[in-house]
Amino acid sequence: MAWFKDAEDGSSAPAVTVERIHRALGALGFEMGPMEAPTKLVAKFDGCVTVLDVSNPTFLMIRAHFPEEFPSESMGELMEKANEWNASTLWGTAVPQLQEDGSNVLLQAEVACLIDQGLNDEQLVAAVDLGLQCSLSCLDSFRPKRDGEESDGASPEGADEASQAQDGGPAGAEG
């Protein structure tokens, strides 16, 4: 048995489920609505639709979607910025994706947390907290700078948040 799975009483850590993630978000101070999907929880944090997905029993995938689309012409610039971000950080992978029709670029940040050996409640809260912080920090690095700050990337256009929730599911929290 892995060291991180050993509990003080000798029992193993429980499996990570959407219900446990729901409780972990509550422990972090987020109020969530009812869950409808058995393996995915969808919520909005800092204006970003975020999917917490346990459909793969090995990983908890946290995917935050940038709230706006970028013009397709900015794909090269976004890929360059994403490569810089991904090379300089351990968590929060930037993933620009051209829409199927080629009209715009969607940007998401992904964090994968290993869960195949289970996590106790404290570990799960820490993993969800870290995953949310890292994915949102990644997306924040793509936001245009305010007046007086240097611009560091392409400017997004449009604000169709529904198209960002590609993984489906109900929105449940605003953090």
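In this predicted model, Asp53 of strand β2 lies across from Met61 of strand β3. Strands β2 (residues 48-53) and β3 run antiparallel and share five bridges, where pairing requires at least two bridges between two strands according to DSSP. A hairpin of five residues makes the connection from β2 to β3. On strand β6 (residues 104-114), β3 finds another antiparallel partner, with seven bridges between them; here His65 is matched with Gln108 of β6. Six of the seven residues in β3 (residues 59-65) are buried, that is, under 20% relative accessible area with a 1.4 Å probe and protein chains only. Strands here are DSSP runs of E with at least two residues, and helices are runs of H or I with at least four, numbered from the N terminus.

Turning to the helices, α1 (residues 18-27) packs against α3 (residues 121-140) at about 75°, with axes 9 Å apart. This angle makes the two helices roughly perpendicular, a label covering 65 to 115 degrees. Axes are lines fitted to C-alpha atoms over the stretch in contact, and angles between N-to-C directions run from 0 to 180 degrees. Contacts (heavy atoms within 4.5 Å) bring together residues including Ile21 and Leu25 of α1 and Leu124 and Val128 of α3.

As for confidence, mean pLDDT (the predictor's confidence in each residue, from 0 to 100) is 81, and 77% of residues reach 70 or more. Over residues 151-175, pLDDT stays under 50.

Residues are numbered from 1 along each chain as its sequence is written, and side-chain values use heavy atoms, without hydrogens or water. Local features need pLDDT of at least 70 and side-chain atom pairs 80 or more, while totals for chains, interfaces and linings use all residues.

Notes
Parallel < 35°, antiparallel > 145°, perpendicular 65-115°, else oblique. Buried < 20%, exposed > 50% of the residue type's maximum accessible area, 1.4 Å probe, protein only.
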